[in-house]
Amino acid sequence: MSKEFQKYFETNKETWNEKVNIHAKSDFYDMEAFKKGKTSLKQFELEALGDVSGKSLLHLQCHFGQDTLSWSRMGAKCTGVDLSENAIELAKQLNTELDLNAQFVCCNVLDTSNYIKDQFDIVFTSYGVIGWLPDLKPWAQMIAERLKPGGTFYMVEFHPIVWMFDYLEDTPVLKYGYQQEEVIYEEYQGTYADQDSKMMSKEYGWNHGLGEVVSSLSEAGLTIQYLKEYDQTPYEIFPGLIEKENELYETKDKLYPLIYAIKAIKG
């Protein structure tokens, strides 16, 4: 990894380490309800993966592990990976407190195979993950390495169109390329889970078009079962969204999709 990329990852790690305590106390993550048994998983991934009981599951970029532990509650044997030491520390605490059997590993997701040698029935990642990665080819190769033959990869992610906008102004401005190669740097007060927080988020990210995502996975040896695009999102993190039934949100005019999902199999 280049020194430039190392600088980007270190800055992002510092920001995410600071976010953990803020997010854990936020209404967005609703820790109290989670501890009482409410799942953090959304309908898209629940419907796509179905019964995970008895299956091994690797959760990439797991933050402080709510989704990992939700899968664990459903009977999966889970391992979660995240860049942030603070996030992994909290995930381990939650795992102990809830008397679950998940494992957590702190590392850059691109280095997962250096830390985890097991292969899994399922590799899962979701909502705001690949934008932190400069190149998806090593990411996809790692996924193929960590899947058992016949294993399933599932991702649900914000659509690349939504990342073309700058949301730091009152009205979103179309600013970034759909498949822009240059790094995007943003510095702003607060976080998506607590916009009133005093913390300064300093973040480096990259935009990845659907063609790049699908091709990276296919070239790594995965067979794409489907690519689905949705006009709705389970998270109200973009301005001007309208709440619909089933705790979903959509834009007023529905001119473009908000999220997409990919399901693939290792042949």
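**View 1. What kinds of residue surround the largest cavity of this predicted model?** The residues of its lining divide into 6 nonpolar, 3 polar and 1 charged. Welcome to a predicted model, and to a good place to begin looking around. The lining is made up of Ile130, Gly131, Glu157, Phe158, Pro160, Trp163, Trp206, Asn207, His208 and Tyr260. The volume of the largest cavity is about 70 Å³, and the structure holds 1 cavity of 30 Å³ or more. Rolling a probe the size of a water molecule over the atoms shows where empty space is left.

**View 2. The largest nonpolar core has 41 residues.** Within this core, Phe64, Trp71, Phe124 and Tyr154 touch the most other members. At least two residues of the core come from each of helix H1 (3–24), helix H2 (31–35), helix H3 (43–49), helix H4 (66–73), helix H5 (85–97), strand S4 (120–126), strand S5 (147–158) and strand S14 (259–266). The most is given by H5, with 5 residues.

**View 3. Here we zoom in on Phe64 and its contacts.** Once neighbours within four places in sequence are set aside, Phe64 is in contact with Val20, His23, Ala24, Tyr29 and Met31, and also with Ala87, Leu90, Ala91 and Leu94. Another core lies apart from the largest one; it has 31 residues, and Met142, Ala144, Val213 and Ala264 are among them.

**View 4. Helix H4 is largely enclosed by the rest of the structure, because 7 of its 8 residues are buried.** If you would like to pick them out in your viewer, the buried residues of H4 are Gln66, Asp67, Thr68, Leu69, Ser70, Trp71 and Ser72. Trp71 also belongs to the largest nonpolar core, as one of the four residues that touch the most other members. After H4 comes Gly75, which has a positive phi near 105°.

**View 5. Strands S4 and S5 run parallel, joined by 6 bridges.** Thr125 has Met155 in S5 as its bridge partner. S5 is mostly covered, with 9 of its 12 residues buried. Strands of a sheet pair through backbone hydrogen bonds, either parallel or antiparallel.

**View 6. An open sheet is formed by 3 strands in the order S11-S13-S12.** The pairing in this sheet is antiparallel. Strand S11 (232–233) and strand S12 (242–243) are the edge strands, each pairing on one side only. Strand S13 (residues 249–250) is joined to S12 by 2 bridges. Look for Glu243, which stands opposite Tyr249 in S13. The loop between S12 and S13 holds Glu247, a residue that appears again in the next view.

**View 7. Asp99 and Glu247 each have a positive phi without being a glycine.** For Asp99, phi is about 55°, and this residue sits in the loop between H5 and strand S3 (103–106). Is Asp99 buried or exposed? Its relative accessible area is 69%, so Asp99 is exposed. Glu247 has a phi of about 60° and a relative accessibility of 56%, so Glu247 too counts as exposed.

Technical notes. Residues numbered from 1 in each chain as written. Predicted model: local features only at pLDDT ≥ 70, side-chain atom pairs only at ≥ 80, totals over all residues. Heavy atoms only, no water. 1 Å grid on protein atoms, 1.4 Å probe; cavity = no way out; pocket = protein on both sides within 12 Å on 5 of 7 lines; lining within 4 Å. Points joined across faces, edges and corners; volume = space filled by probe spheres on them. Nonpolar A, V, L, I, M, F, W, Y, C, P; charged D, E, K, R; others polar. Core = buried A, V, L, I, M, F, W, Y, C linked by side-chain atoms within 4.5 Å. Buried < 20%, exposed > 50% of the residue type's maximum accessible area, 1.4 Å probe, protein only. Helix = DSSP H or I, 4+ residues; strand = E, 2+ residues; numbered from the N terminus. Contact = heavy atoms within 4.5 Å. Pairing = 2+ DSSP bridges.
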